Amino acid sequence: MSDKILEVKSLKVFFKSRGKLVQAVRGINIEVGRGEIVGIVGESGSGKSVAVKAFTKLLPENAYIDADLIMSGGKNLLNLSEREYRKIRGRDIAMIFQDPMTSLDPVITIGRQLEEVIVRNQGTGRKQAQAKALKMLEKVGIPYPQRCIKQYPHELSGGMRQRVLIGMALACSPKLLIADEPTTALDVTIQAQILDLIGDIVGEYGTSVILITHDLGVVAQTCMRVVVMYGGLVMEEGTVDEIFYTPMHPYTMALLKAIPSIEMADGSRLKSIEGFPPSLTNPPAGCPFADRCSYTMDICFKQIPDIKKYSSTHTSMCFLKGEDLKAAFAGEKYGK
Amino acid sequence: MENEILILAQGLKKYFQPRGFFGLKNNFIKAVDDISLEIYKGETFGLVGESGCGKSTLGRTLIRMYEPTGGSIFYKGEDITHIKASQLKMLENRFQIIFQDPYMALDPFWNVGEILEEPLRRIGMDSGQWSNKIKDILEKVGLGSDDVHKFPYEFSGGQRQRIGIARALAVNPEFIMCDEPIAALDVSIQAQVVNLLQDLQEELGLTYLFTAHDLSMVRYISTRIGVMYLGRIVEKAKSRELFKNPLHPYTKLLLSSIPLPDPKNAVKKRKFKSVQEAALTDVMRGCNFAPRCEYKTELCLCEVPILRELEAGHFVACHNAKEIN
Amino acid sequence: MNSSNTKAKAKPGRRIENLIWEFKNNKQAIFSLVYISVILLISIFVVFSPNDPNAIDVTGKLKPPSSLHWFGTDDMGRDYFMRVLYGGRVSLLVGILAMFTSIFIGVGAGMASGYFGGIIDTVLMRFVDVLSSIPWIIMVMVISMVFKKGLISLILVIGVLGWMEIARLIRSEVLSVKERDYIKYAVFIGVNPWRIMFTHILPAVFPTVITASTASIASAIMVESALSFLGKGVSAPMSSWGSLLQSSQKFLQKAPYMAIIPGVFIILTVFSFNKLGEVVRVFAEPRVISGEEDV
């Protein structure tokens, strides 16, 4: 992780809506190294989607971004004008979304759309762009690229459309690919293929990927590092092994216990997390998870915990000491 | 498990006919194609499959929300396939449904009390007893009696799903079709709802038909599971058996696709080709899965495999099931 | 909007809160509200004024606006201010009653068409197509020739011919609402279709009805003005803004204010009703309009 593709320091995002202030992201740090797949997990309302949209300035008008630093490719993105930003988007940072249909123009053929992206971002001629488009489609595993470039988006299945979008995003060999719930709308068998594809791409191009998802299984299978978000804050961060085998935050633990595993014994019960996520218009003064946590102390309700470091990659935001957490989690069975 | 069959479907068919341009009739969409199925009293029958495989249509046809195109449905041995609307009333109390999208399932203009009164009014309960009954069921699903006057928008997704469950329970049903009830919920909330459904089943002796595309959750909640592919059931077995020993190539593909929350247990590279998924309207004489199947033979392309009992209680619809396994 | 409700107290006033917010932050909306209230109040209470809009004064014809006659006088020396106020009375009355007629027919037809579908839908919608394919103004003129000239027949003619767009709008709205799960549930448990229409579907399409009705008032006022301008509307000595506009034609050079004043009133009223419709929609929409939806 010598060179960082993306470095974000104390990012905050607010929305002003009808006189109310919604605090979607409340100060998070994120780093992405070259060729790294970082997963951001969280529930709806955790701020995971908003945070990455802030890097690409794709937030609605009523959003306010505040950060100490958003560095990408040696440039501080905070100081860029809208025009300079447009160059970054697509060329340096590409994004794919949950619903591939809405990201494609329904009345233009797949081939044309791909070519346009290539011509615009690389300034090549039509002919070369066409050849490149074909190559990209082949690369993302579309069975008949020759036929596909003549088709319209509605003629393709959801999985194929997502492939096209990935191809489009990669056509300009971006340094960072942000995938916002790319497989949520897809079936499991197709999801598996798309995740494989994303993995292959990292291997081949050295592209870094931020994968946003709510599915811990997806994270475990695809990512190298995981950022767990809750209530607009990063609760825990670490490598997949650290997060899944030695979680150091009660929220991460609770999440792991809430998913049934294939090997679960018959008649055993799921451990549900009681209660509901905190309000973002009026966030709690203390740890956002305090309300639902089974290890709360008085201090948890009063102030936001400091970040504790457990290894060079593993950090967690909890008042409990490391050894106390380890002891508390020792008896827990989950996942595997 | 008691062995009384609550619902029995034989050769059930449900076709949709979309209207094309100028009212021209298009090909049928065979959402449910010749399905035979039995659901025992007190069990949870899980239906899994990808979107568009017809699992939701099958469930809705079983509870007679949809009119079947062919085949027959029996409820406790009584033929209810072509039962008239007036007699359906009897069934409505017995069959209920929980929807996937908790935002669409409740009328945003009605408060919780009014939402729960709707089914009560239908069964002709005396309006004097409503408030007690409503308090009672709200408590059962973990909501407070002061929630009666709130509107759906004041609740989160998980709480709304509880209201949906309360509405289904209001008429003391026997059979509830849970149509992807957790698909739209957050992970931490899913477990709450699933636990609630299980508690209620134990307490009230309910029978569930549970559809989902999240296999691990279905595995966890179901007694038996049916795997559907493009309108047909391709495999049916006890839940544990199905996961331990899948016989149909499609089931194998499905199971190998589940991303396990366990980084060390990396999935082996999937061997199935990324063939364009076949559409339901495609005229196919053989096995629907054949175009994606690596074991396909001549026979698969021209003859529909029927569901055979390969091992005790384990049914599979594949010509080559024996050879593959 | 998933997380705000953890400990939310019952807040029945949220919709009103939204409405107030909308008004506070939208100057055009405040203007429209004030303007329409004033116009409505004046129209109702103007009859108690001692001044007679029909009092002729041959000595003071076509006087420009002055402190005595705020809007000047017309070609028969009548006080134009009073005539405009009385004209507004007629215009608004026609607008509102014609709106009720169109809404009644339009919403009824749209709901029936959308909800029952099939043959009812086909027949109703083809009928709508036929009606709307005939140039509207010609239709109104022909019918108003057949009917007795008068306020009631004017209202009916405008109302009865103005429902087609509303019916189409409501129909498409009903078609999408019908697919919602709560309606499917009601059908499943066998709730009477009429009950479903009135208790589930009508509230759901209500925001559209409100927008359609304010737009419909606006268009009825326009049509009335157009008809009166063409001489097929209200008859003298009764006046409406449209008929005032029409009679001002002859004096455009000498007394341009006679055309400008009713013209401005028509424009402002139509604008205000449209604006108000947009804002009031917020009240009728059930979903909380707060930023948390975006998160």
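From the N terminus on, the elements of chain C in this predicted model follow the order α-α-α-α-α-α-α-α-α-α-α, and the secondary structure of the chain accordingly comes to 11 helices and zero strands. Measured out along its principal axes, the C-alpha trace of chain C spans about 75 × 50 × 30 Å. Of the 295 residues in chain C, 41% are buried. When contacts in chain C between residues at least 6 apart in sequence are considered, 69% of them join residues at least 24 apart.Within chain C, the pairing of helix α8 (residues 181-188) with helix α9 (residues 193-229) can be described in some detail. The two helices of chain C pack at an angle of about 165 degrees, with their axes 11 Å apart. Because angles over 145 degrees count as roughly antiparallel, this angle makes α8(C) roughly antiparallel to α9(C). The crossing in which α8(C) passes α9(C) is right-handed. On the side of α8(C), the residues that take part are C:Tyr182, C:Ile183, C:Ala186 and C:Val187, and these meet C:Ile196, C:His200 and C:Ile201 in α9(C). By character, the residues of this contact of α8(C) with α9(C) divide into six nonpolar, one polar and no charged.

The nonpolar interior was examined next. The largest nonpolar core has 258 residues, and those with the most contacts inside it are A:Ile210 and C:Ile158. Helix α3 (residues 80-116) of chain C supplies the largest share of this core, with 14 residues. When residues up to four places away in sequence are not counted, C:Ile158 touches C:Val94, C:Ala98, C:Val140, C:Ala220, C:Val223 and C:Glu224. Among these neighbours, C:Val94 and C:Ala98 lie within the residue range 80-116 of α3(C), whereas C:Ala220, C:Val223 and C:Glu224 fall within the range 193-229 of α9(C).

Between chains, the contact of chain B with chain A takes 37 residues from chain B and 40 residues from chain A. On the side of chain B that touches chain A, the elements that give two or more residues are α6 (187-204), α7 (215-221), α8 (239-244) and α9 (249-257) of chain B. Of these elements, α6(B) gives the most to that side, with seven residues. The residues that chain B brings to its side of the contact with chain A divide into 17 nonpolar, 13 polar and seven charged.

Note on methods: Residues are numbered from 1 along each chain as its sequence is written. Chains are lettered from A and ligands numbered from 1 in the order in which they are written. This is a predicted model: local features need pLDDT of at least 70, side-chain atom pairs count only at pLDDT 80 or more; totals for chains, interfaces and linings use all residues. Helices (H or I, at least four residues) and strands (E, at least two) are DSSP runs, numbered from the N terminus. A residue is buried if 20 or more other C-beta atoms lie within 10 Å of its own, exposed if 12 or fewer, and partly exposed in between; C-beta atoms are placed from the backbone. Two residues are in contact if their C-beta atoms, placed from the backbone, lie within 7 Å. Ala, Val, Leu, Ile, Met, Phe, Trp, Tyr, Cys and Pro count as nonpolar, Asp, Glu, Lys and Arg as charged, and the others, Gly among them, as polar. Axes are lines fitted to C-alpha atoms, for helices over the stretch in contact, and angles run from 0 to 180 degrees between N-to-C directions. Angles under 35 degrees count as roughly parallel, over 145 as roughly antiparallel, 65 to 115 as roughly perpendicular and the rest as oblique. A crossing is left-handed if the near helix is turned anticlockwise from the far one by less than a right angle, and right-handed if clockwise. A nonpolar core is a set of buried Ala, Val, Leu, Ile, Met, Phe, Trp, Tyr and Cys residues joined through C-beta atoms within 7 Å.
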